[in-house]
Amino acid sequence: MGEAGPTRLLRSAERAPETARAHLAQRLQAEGIACDDGALRLLGQAARGSMRDALSLTDQAIAYGGGRFDETVVRAMLGAVDGGRAIEFVRALAQRDGPVLLGAIDRLREAGLSCLSTLEQMATLLQQMAVEQAVPGALAGDEPDALAARELAPLMAPDETQLLYAIVLHGRAE
């Protein structure tokens with residue numbers, strides 16, 4: 001018997017970036033270029049599973065890093081925010097902790113990091129939380145994002161998660 005509805009769709013969406021990541025790892029290993037799993041994960045996500053985009057981003061990252069190719073280099077090149085910041089924001093919102101939230105916003109601003117990237121990370125995290133709330137145990141793997149979503153899901157009511165997700169999507173559009 002196959003997987004049903006949201007579980008099947010989520011697992012399919014998770015496979016595209018994972019497929020890109022696995023292919024990049026093979027290509028880089030064949031070319032003798034050392035890289036870490038975090039860099040490959042970021043590239044797979046940024047390419048949204050498109051192999052052509054993943055290869056192009058990889059070439060850019062190799063040039064950008066000047067011989068160094070790791071998660072720090074890729075994150076800087078993409079302007080990507082560490083997922084820990086999105087987790088910190090969502091946790092502070094779930095716990096209704098205004099001072100922690102304002103402190104996190106100040107640190108983001110001081111570091112000159114992308115608000116758009118933060119909102120994208122938050123949208124992904126909130127979407128995973130909503131899946132976990134609707135179908136407990138549906139999130140696959142031991143990815144840091146999935147682990148955080150499982151941990152944070154019980155901290156918010158499903159309707160609050162959906163509202164925050166809608167606010168984040170609207171913020172991204174602005």
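# Notebook: salt bridges, cores and one odd phi

**Entry 1, starting at R91.** I opened with R91, which is partly exposed at a relative accessible area of 25%. A note to myself before going on: this is a predicted model. What does R91 meet in a salt bridge? I found the side chain of E151, with 2.7 Å from N to O. R91 sits in helix α5 and E151 in helix α8 (residues 144-152), so I checked the spacing as well; the pair links distant parts of the chain, 60 residues apart. E151 has a relative accessibility of 45%, and therefore counts as partly exposed.

**Entry 2, other salt bridges.** How many salt bridges does a search of the whole structure find? The search returned 6. I looked at E88 and R107 next, and their closest N and O atoms are 2.4 Å apart. E88 belongs to helix α5 (residues 83-94) and R107 to helix α6 (residues 98-110), so this bridge ties together parts that lie 19 residues apart in sequence. I then asked whether the two ends are buried or exposed. E88 is partly exposed, at 25% relative accessible area, and R107 is partly exposed too, at 38%.

The pair E160 and R96 was my next stop, again with 2.4 Å between the closest N and O atoms. Here the link runs from E160 in helix α9 (residues 158-173) to R96 in the loop between α5 and α6, 64 residues apart. E160 is partly exposed at 27%, whereas R96 is exposed at 59%.

**Entry 3, the phi of R96.** R96 was worth a second visit. Where does R96 lie? I placed R96 in the loop between α5 and α6, just after α5 ends. Its phi is positive, about 55 degrees, although R96 is not a glycine. I reminded myself that most residues other than glycine have a negative phi. So for R96 I now have three notes together: the positive phi, the exposed side of the 50% cut-off at 59%, and the salt bridge with E160.

**Entry 4, helix α5.** Since α5 kept coming up, I checked its geometry. The helix has 12 residues and spans 17 Å from first C-alpha to last, close to the 16 Å expected at 1.5 Å a residue. Which residues of α5 are buried? My list reads G83, A86, I87, F89, V90, A92 and A94. A general point helped me read that list: an α-helix has 3.6 residues a turn, so residues three or four places apart point the same way.

**Entry 5, the cores.** V90 led me to the largest nonpolar core, which has 24 residues. Which members touch the most others? V90, L125 and M129 do. Helices α5, α6, α7 (115-134), α8 and α9 each supply at least two residues of this core. I followed M129 and left aside neighbours within four places in sequence; M129 is in contact with V90, A149, L152, A153, M156 and T161. There is also a second, separate core of 14 residues, and L24, L28, L57 and A61 are among its members. As background, nonpolar side chains in soluble globular proteins tend to be buried together.

**Entry 6, whole-chain numbers.** I stepped back to the overall layout. The chain has 9 helices and 0 strands. Of its 174 residues, 37% are buried. I also looked at contacts between residues at least 6 apart in sequence, and 62% of these join residues at least 24 apart. The chain exposes about 9700 Å², of which carbon and sulfur atoms supply 56%.

**Entry 7, cysteines.** How many disulfides does the structure hold? The count is 0. I looked up two cysteines while I was there: C35 is partly exposed at 29%, and C115 is exposed at 52%.

**Entry 8, a last check on A76.** I finished in helix α4 (residues 71-78), where A76 has its place. A76 is partly exposed, with a relative accessible area of 45%. The C-alpha atoms of A76 and Y64 are separated by 9.1 Å, and the two residues are 12 apart along the chain.

Definitions and conventions. Residues numbered from 1 in each chain as written. Predicted model: local features only at pLDDT ≥ 70, side-chain atom pairs only at ≥ 80, totals over all residues. Heavy atoms only, no water. Salt bridge = Lys/Arg side-chain N within 4 Å of Asp/Glu carboxyl O. Buried < 20%, exposed > 50% of the residue type's maximum accessible area, 1.4 Å probe, protein only. Core = buried A, V, L, I, M, F, W, Y, C linked by side-chain atoms within 4.5 Å. Contact = heavy atoms within 4.5 Å. Areas by Shrake-Rupley, 256 points an atom, 1.4 Å probe, with all protein chains shown as cover. Expected span 1.5 Å × (residues − 1). Disulfide = S-S within 2.5 Å.
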